[in-house]
Amino acid sequence: MRILIVEDSIVIRVLYQSILSKQHQLTLVEDAETGLEKLATGVFDMIITDANLPQMDGAEMIAEIRRNPVWDHIPILIVSCDFDSIKASRELGATAWMLKPIKPKPLQKAVDTIEQRFVLHQALA
């Protein structure tokens, strides 16, 4: 899968890369604005985003994505240590959520589950 990862922490971006890069094509960016720019110029099957980002937060980015009919079908995994951020993001259209700290096996399982649903949805469309 082609996954856009939006995360401001370099440490967490490296963690995502170490866990997911063997099975997926990753594009990693550090803020929502750059994420939206990448989304506008690329093709992605999934988005993983932190809830707490500089300037535009994850929830605002999700709302922007869901307003765009070209992107509104892309599954989004929101990651946060704050339940309120997760709740707000889910209400705006996040597909799934994960609490920090990120652990390799639960992350891989979440991505695999979203991927299976995405493939099934594409097959039925």
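Trainee: Where is His24 found in this predicted model, and why is His24 called buried?

Mentor: His24 sits in the loop between α1 (10–20) and β2 (25–29). Its relative accessible area is 7%, and since buried means under 20%, His24 is therefore called buried.

Trainee: What makes the approach of the His24 side chain to Met1 a polar contact?

Mentor: The side chain of His24 reaches the backbone nitrogen of Met1 at 3.4 Å, and a polar contact requires a pair of N or O atoms within 3.5 Å, so this distance satisfies the cut-off. Leaving aside neighbours within four places in sequence, the residues in contact with His24 include Met1, Ile3 and Gln108.

Trainee: How do you know that Glu7 and Lys100 form a salt bridge?

Mentor: Their side chains meet with N and O at 3.4 Å, and a salt bridge asks for a side-chain nitrogen of Lys or Arg within 4 Å of a carboxyl oxygen of Asp or Glu, so the pair qualifies. Glu7 lies in the loop between β1 (2–6) and α1, while Lys100 lies in the loop between β5 and α5 (104–124), so the pair ties together parts that are 93 residues apart in sequence. Glu7 and Lys100 also belong, with Asp50, to a network of salt bridges.

Trainee: Why is Glu7 counted as buried, and why is Lys100 counted as partly exposed?

Mentor: Glu7 has 1% relative accessibility, so it counts as buried, the limit being under 20%. Lys100 has 25% relative accessibility, and because partly exposed covers the range between the buried limit and the exposed limit of over 50%, Lys100 counts as partly exposed.

Trainee: What makes Arg13 and Glu30 a salt bridge?

Mentor: The closest N and O atoms of Arg13 and Glu30 are 3.8 Å apart, and because the cut-off is within 4 Å, this pair is accepted as well. Arg13 lies in helix α1 and Glu30 in the loop between β2 and α2 (32–41), so the pair ties together parts that are 17 residues apart in sequence.

Trainee: Why is Arg67 called exposed, and what is Glu64 called?

Mentor: Arg67 has 59% relative accessibility, and as exposed means over 50%, Arg67 is therefore called exposed. Glu64, at 33% relative accessibility, counts as partly exposed. The side chains of Arg67 and Glu64 meet in a salt bridge at 2.9 Å, N to O, and because they are three residues apart in helix α3 (residues 58–67), they are separated by about one helical turn.

Conventions
Residues are numbered from 1 along each chain as its sequence is written. This is a predicted model: local features need pLDDT of at least 70, side-chain atom pairs count only at pLDDT 80 or more; totals for chains, interfaces and linings use all residues. Side-chain values use heavy atoms; hydrogens and water are left out. Helices (H or I, at least four residues) and strands (E, at least two) are DSSP runs, numbered from the N terminus. Buried means under 20% relative accessible area, exposed over 50%, partly exposed in between (1.4 Å probe, protein chains only). A polar contact is a pair of N or O atoms within 3.5 Å; within protein, one must be able to donate a hydrogen and the other to accept it, and residues adjacent in sequence count only if both atoms are side-chain atoms. Contact means heavy atoms within 4.5 Å.
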